[in-house]
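I am opening a fresh page for this chain and will note down what I look up, entry by entry. I want to begin with the charged pairs, then turn to the fold as a whole, and end at the surface.

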Amino acid sequence: MADDLPTHGGHTLAYVYDSGLAGLDRLAAEAHASASSANALDPTAFPSLLRMENDLVAAAAARLGGGPGTVGTVTSGGTESCLLAVLAAREASNETVEPAVVLPSTAHAAFHKAAHLFGVRAVEVPVVPGTFLADPAAMAAAIDENTVLVVASAPSYAHGVIDPVAEIAEAAAAKGVRMHVDACIGGWVLPDLRKLGAELPPFDLSVPGVTSLSVDLHKYAYCPKGTSVLLHADARLRRGHYFASAAWPGYTMLNTTLQSTRSGGPLAAAWAVLRHVGDEGYLRLAEDTATAAALLRTGVERVEGLRILGEPDATLLAVATEGGPGFDLFTVADEMKQRGWYVQPQFAHGDSPVNLHLTVTAANRGGEAGFLADLEASVAAAREAGPVEVADELAAAIAALDPDTLTSEQFAGLLEGAGLSGGGGLPERMAPVNALLAVAPPRLRERLLLEFLGLLYRYGDSA
């Protein structure tokens with residue numbers, strides 16, 4: 001574990017969420033251990049898990065505009081919540097020959113995964129240039145007789161902006177189509193930011209036309225992974241993602257999620273954390289997070305050659321270059337890692353250029369000056385090193401690859417051409433790898449990364 005990214009202290013600005021509260025990890029671990037052997041597959045056998053799940057759903061519904069009929073399900077994470085929202089919509093429209101989900105180009109990849117798994121066509125709609133906000137008129141125009149679900153983000157992961165949910169929901173409702181809000185990363189903290197004075201657009205279940213919403217508790221509720229809540233406005237809307245089978249000689253299998261066996265550990269840990277922190281505690285954490293995000297944004301914009309993409313509404317920042325800075329962000333990311341910080345590179349997509357993603361948490365409060373000093377030093381080092389160049393012959397070799405027919409041998413040759421075939425673990429600097437991937441079209445990049453993933457997961461190399 002010495003080689004892992006740090007999960008505490010605010011130095012890893014993606015993947016992890018740190019409240020900075022002393023003792024919270026221990027409380028969660030003890031609660032998790034107390035229920036880890038219990039199985040949420042059968043709520044009648046373990047009524048304590050049923051109680052805790054209903055409590056978690058009630059807490060999320062109260063925070064996010066739920067009404068008297070609101071129901072919900074605790075899942076393993078945001079991706080499963082989004083998958084189930086798509087599945088429920090598809091199952092409710094079983095007469096639709098070619099079901100489709102309409103989503104902005106900034107929607108989370110989980111919806112593309114859902115489309116792939118459930119045989120639903122993903123209709124991707126371009127966002128408003130420069131703002132990265134979903135375009136309500138374009139979204140409305142994309143809805144047709146095959147549409148079973150429309151999606152918006154609150155906020156989007158890549159840029160931290162809240163889509164115009166009310167306008168999109170109105171368009172969906174006018175055509176009798178369900179509307180899902182992906183509030184996985186923002187749902188828990190946005191209500192508190194509003195209490196603190198932030199002017200935020202409406203986004204939750206109180207918005208007419210919004211039929212479902214997802215919120216992750218292992219993000220800004222600071223619960224252990226993995227717990228997410230999928231809310232539906234009423235039980236009828238939820239029914240499609242439930243599954244039952246009596247088509248075998250064993251027990252009749254009943255599932256509320258994609259899983260059958262579910263450990264009670266995550267439920268118990270989340271329940272304990274929510275009760276321990278409480279509403280006032282979450283408000284204080286939100287205030288620390290908002291302050292840190294504001295200081296980091298101001299500081300980033302003062303660094304020569306850097307800018308913030310869009311107008312982020314919450315706690316996420318996307319850092320891009322300005323003009324022709326003479327350096328690349330992949331090198332900046334490597335330099336930051338050398339200084340003890342992890343910032344997440346995001347590749348160019350549509351109107352969005354290469355950028356560095358920052359997920360700001362309460363643990364970043366107080367460490368802003370150190371981060372910004374190291375960022376400025378990293379930019380200076382990257383400027384001195386110059387942009388990472390991909391040789392023309394290597395770029396030509398990449399352009400000639402077909403993602404549908406790529407072989408392991410071709411992938412090995414590509415690694416060798418890039419000087420990455422030494423073996424023995426991950427490269428120390430990722431800028432050359434990321435520059436290589438940036439040259440590849442998205443589908444080829446997916447294929448190359450899957451090949452790379454296959455190399456990582458080889459049991460013979462585990463020692």
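**Entry 1: salt bridges.** I started with the charged side chains of this predicted model, and I found that the structure holds 16 salt bridges. I looked up several of these in turn.

The pair I took up first was R63 with D279, whose closest N and O atoms are 3.8 Å apart. I then asked myself which helices hold R63 and D279. R63 lies in helix α2, which covers residues 47–63, while D279 lies in helix α9, so this salt bridge ties together parts that are 216 residues apart in sequence. I also checked how covered each partner is: R63 counts as buried at 13% relative accessibility, because the limit for buried is under 20%, whereas D279 is exposed, with a relative accessible area of 54%.

Next I noted R90 and E91, whose side chains meet in a salt bridge at 2.5 Å, N to O. Here R90 counts as partly exposed at 23% relative accessibility, and E91 is also partly exposed, with 36%.

I then turned to R365 and E368, which form a salt bridge with the closest N and O atoms 3.0 Å apart. In this pair R365 is partly exposed, at 39% relative accessible area, but E368 is buried, at 5%.

Finally, I wrote down a group rather than a pair: D334, E335, R339 and R429 are linked in a network of salt bridges.

**Entry 2: the chain as a whole.** I stepped back and counted the secondary structure, which comes to 15 helices and 13 strands. The radius of gyration is 23 Å, close to the 23 Å that the globule rule gives for 463 residues, so the chain is as compact as a globular protein of that length. I noted the span of the C-alpha trace along its principal axes as about 60 × 50 × 50 Å.

I also looked at how the chain contacts itself: among contacts between residues at least 6 apart in sequence, 72% join residues at least 24 apart. The accessible surface comes to about 21,300 Å², and 55% of that belongs to carbon and sulfur atoms.

**Entry 3: the interior.** How much of the chain is buried? I found that buried residues make up 50% of the 463 residues. I kept in mind that, in soluble globular proteins, nonpolar side chains tend to be buried together.

The largest nonpolar core has 68 residues, and those with the most contacts inside it are V150, M179, W188, L231 and Y282. Helix α9, residues 265–302, gives the most to this core, with 11 residues. Apart from this core lies another, of 25 residues, with V300, F327, M336 and V343 among them.

I followed W188 further and listed what it touches, leaving aside residues up to four places away in sequence: its contacts include A59, A60, V215, L217, L274 and Y282. R63, the salt-bridge partner of D279, is also among the residues that W188 touches.

**Entry 4: a patch on the surface.** My last search was for nonpolar side chains on the outside, where L426, L450, L453, L456 and Y457 form a patch with about 570 Å² of accessible area together. I looked up L456 in particular: its place is in helix α15, residues 442–456, and it is partly exposed, with a relative accessible area of 41%.

Key: Residues numbered from 1 in each chain as written. Predicted model: local features only at pLDDT ≥ 70, side-chain atom pairs only at ≥ 80, totals over all residues. Heavy atoms only, no water. Patch = residues over 30% accessible without salt bridge, like charges linked within 9 Å, V, L, I, M, F, W, Y side chains within 5 Å. Areas by Shrake-Rupley, 256 points an atom, 1.4 Å probe, with all protein chains shown as cover. Salt bridge = Lys/Arg side-chain N within 4 Å of Asp/Glu carboxyl O. Helix = DSSP H or I, 4+ residues; strand = E, 2+ residues; numbered from the N terminus. Buried < 20%, exposed > 50% of the residue type's maximum accessible area, 1.4 Å probe, protein only. Rg over C-alpha atoms; globule rule 2.2 N^0.38 Å. Contact = heavy atoms within 4.5 Å. Core = buried A, V, L, I, M, F, W, Y, C linked by side-chain atoms within 4.5 Å.
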